[in-house]
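The following account leads through a protein model, beginning with its metal sites and ending with its aromatic contacts. Please keep the structure in view while reading.

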Amino acid sequence: MRRRLLAALTATAVSTLTFAAPAQASHSWGNYHWARTANPFTLKLDNNVDSSWSNYLNTASSDWTPSSVLNTTVVSGSFGSRSSCAPTTGHVEVCNGAYGSTGWLGIASISTTGNHISSAYVKVNDTYFSQAQYNTPAYRRLVMCQEVGHTFGLDHQDTNQTNTNLGSCMDYSRNPAGPPSNEHPNSHDFTQLQTIYSHLDSFNTPTVAPSGASALAGNARSSWGERVRGTDGRGVATYVREHGRGNYTITRVIWAN
Ligand SMILES: [Zn+2]
Ligand SMILES: [Zn+2]
């Protein structure tokens with residue numbers, strides 16, 4: 001199982017390198033997807049953010065809603081404390097907080113059984129977003145749009161922070177406003193979603209509670225497991241933690257510069 005997972009990640013990494021052909025969508029995140037019996041399906045984004053982020057969450061939800069295979073809707077989150085963002089099966093929890101000098105601006109994590117996502121969370125770190133360098137609408141839009149996109153199963157289109165923007169929030173950049181702007185998805189992202197969600201499943205993920213899948217929402221690098229892509233502390237990176245019985249947590253991180 002582990003070998004298969006790593007093989008899938010490797011295959012994705014290779015296809016990302018050959019991404020030059022723009023017509024071919026190739027930035028899925030493994031083959032991870034939400035199980036569902038029909039398209040389009042609706043994914044609830046649980047709003048646990050405060051007023052400094054709620055507009056950005058709403059924008060990210062609107063950004064992704066044009067997808068032909070999925071809709072997102074923002075619903076009221078259930079966490080009294082934003083520091084806790086432990087995901088509930090079938091939900092995408094979205095949280096903000098001053099999580100401290102963790103090194104990261106934002107993280108997105110999915111819990112999976114096989115290729116099927118069972119829960120997800122997004123966290124954005126106000127310890128950095130309170131700093132002038134990051135406290136811009138463009139930076140907030142990029143990070144929120146990208147982290148939410150990861151919870152669908154999307155990978156990055158590009159991870160070079162200093163090259164010309166591709167015009168997608170799935171392209172990490174230190175210059176999110178561009179031009180072109182990397183604050184919203186582009187058509188390539190929607191094509192990739194069609195590819196990821198081209199098959200149907202015989203069940204819906206929210207009805208399946210995978211046994212043994214830990215609902216981890218750790219802020220520390222040590223809680224995310226093995227690094228399978230990228231670099232600790234720079235750019236973007238991916239971590240996989242195995243929980244046994246085919247259950248994994250995959251965490252995507254945007255590091256602060
Ligand atoms: Zn499936
Ligand atoms: Zn990312």
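A donor is here an N, O or S atom within 2.8 Å of the metal; water is not among the atoms, so a site may look incomplete. The model is a predicted one. With that in mind, the zinc ion (ligand 1) is coordinated by His33 (NE2), His116 (NE2), His199 (NE2) and Asp201, the last through two OD entries, at 2.0 to 2.5 Å. Along the sequence these donor residues follow the spacing H-x82-H-x82-H-x1-D. Distant parts of the chain are thereby linked: histidine 33 belongs to the loop between helix 1 (2–17) and strand 1 (41–48), whereas aspartate 201 belongs to the loop between helix 5 (187–196) and strand 6 (226–231), 168 residues apart. Histidine 33 has a relative accessible area of 5% and is therefore buried; aspartate 201, at 13%, is buried as well.

The zinc ion (ligand 2) has as protein donors Gln146 (OE1), His150 (NE2) and His156 (NE2), which lie 2.1 Å from it. Their spacing along the chain is Q-x3-H-x5-H. Glutamine 146 and histidine 150 both belong to helix 4 (residues 137–150), where four residues, about one turn of the helix, separate them. Both glutamine 146 and histidine 150 are buried.

Attention now turns to the interior. The largest nonpolar core comprises 46 residues, and those with the most contacts inside it are Trp64, Leu105, Met144, Leu193 and Tyr197. Helix 4 contributes the most to this core, with six residues. Tyrosine 197 touches, among others, the zinc donor His33, and its contacts also include Trp34, Phe41, Leu70 and Phe152. A second, separate core of eleven residues includes Trp104, Tyr239, Val253 and Trp255.

The structure holds eleven aromatic pairs. In one of them, the rings of tryptophan 64 and phenylalanine 190 have centres 5.8 Å apart and planes at 65°, so the pair is edge-to-face. Because tryptophan 64 lies in helix 2 (residues 51–64) and phenylalanine 190 in helix 5, the pair ties together parts 126 residues apart in sequence. Tryptophan 64 and phenylalanine 190 are both buried. The rings of tryptophan 224 and tyrosine 239, with centres 5.1 Å apart and planes at 55°, form a tilted pair. Tryptophan 224 is buried, with a relative accessible area of 2%, and tyrosine 239 is buried at 0%.

One aromatic cluster is formed by Trp53, Tyr56, Tyr128, Phe129, Tyr134 and Tyr139. Over the ring of tryptophan 53 sits the charged end of arginine 140, 4.6 Å from the ring's centre.

Terms used. Residues are numbered from 1 along each chain as its sequence is written. Chains are lettered from A and ligands numbered from 1 in the order in which they are written. This is a predicted model: local features need pLDDT of at least 70, side-chain atom pairs count only at pLDDT 80 or more; totals for chains, interfaces and linings use all residues. Side-chain values use heavy atoms; hydrogens and water are left out. Donors are N, O and S atoms within 2.8 Å of the metal (3.2 Å for Na, K and Ca); water is not among the atoms, so sites may look incomplete. Helices (H or I, at least four residues) and strands (E, at least two) are DSSP runs, numbered from the N terminus. Buried means under 20% relative accessible area, exposed over 50%, partly exposed in between (1.4 Å probe, protein chains only). A nonpolar core is a set of buried Ala, Val, Leu, Ile, Met, Phe, Trp, Tyr and Cys residues joined through side-chain atoms within 4.5 Å. Contact means heavy atoms within 4.5 Å. Rings of Phe, Tyr and Trp (its six-membered ring) pair if their centres lie within 6.5 Å; planes under 30 degrees apart count as stacked, over 60 as edge-to-face and the rest as tilted. A charge sits over a ring if NZ of Lys or CZ of Arg is within 6 Å of the ring centre and within 35 degrees of the ring normal. Lists of a residue's contacts leave out its neighbours within four places in sequence.
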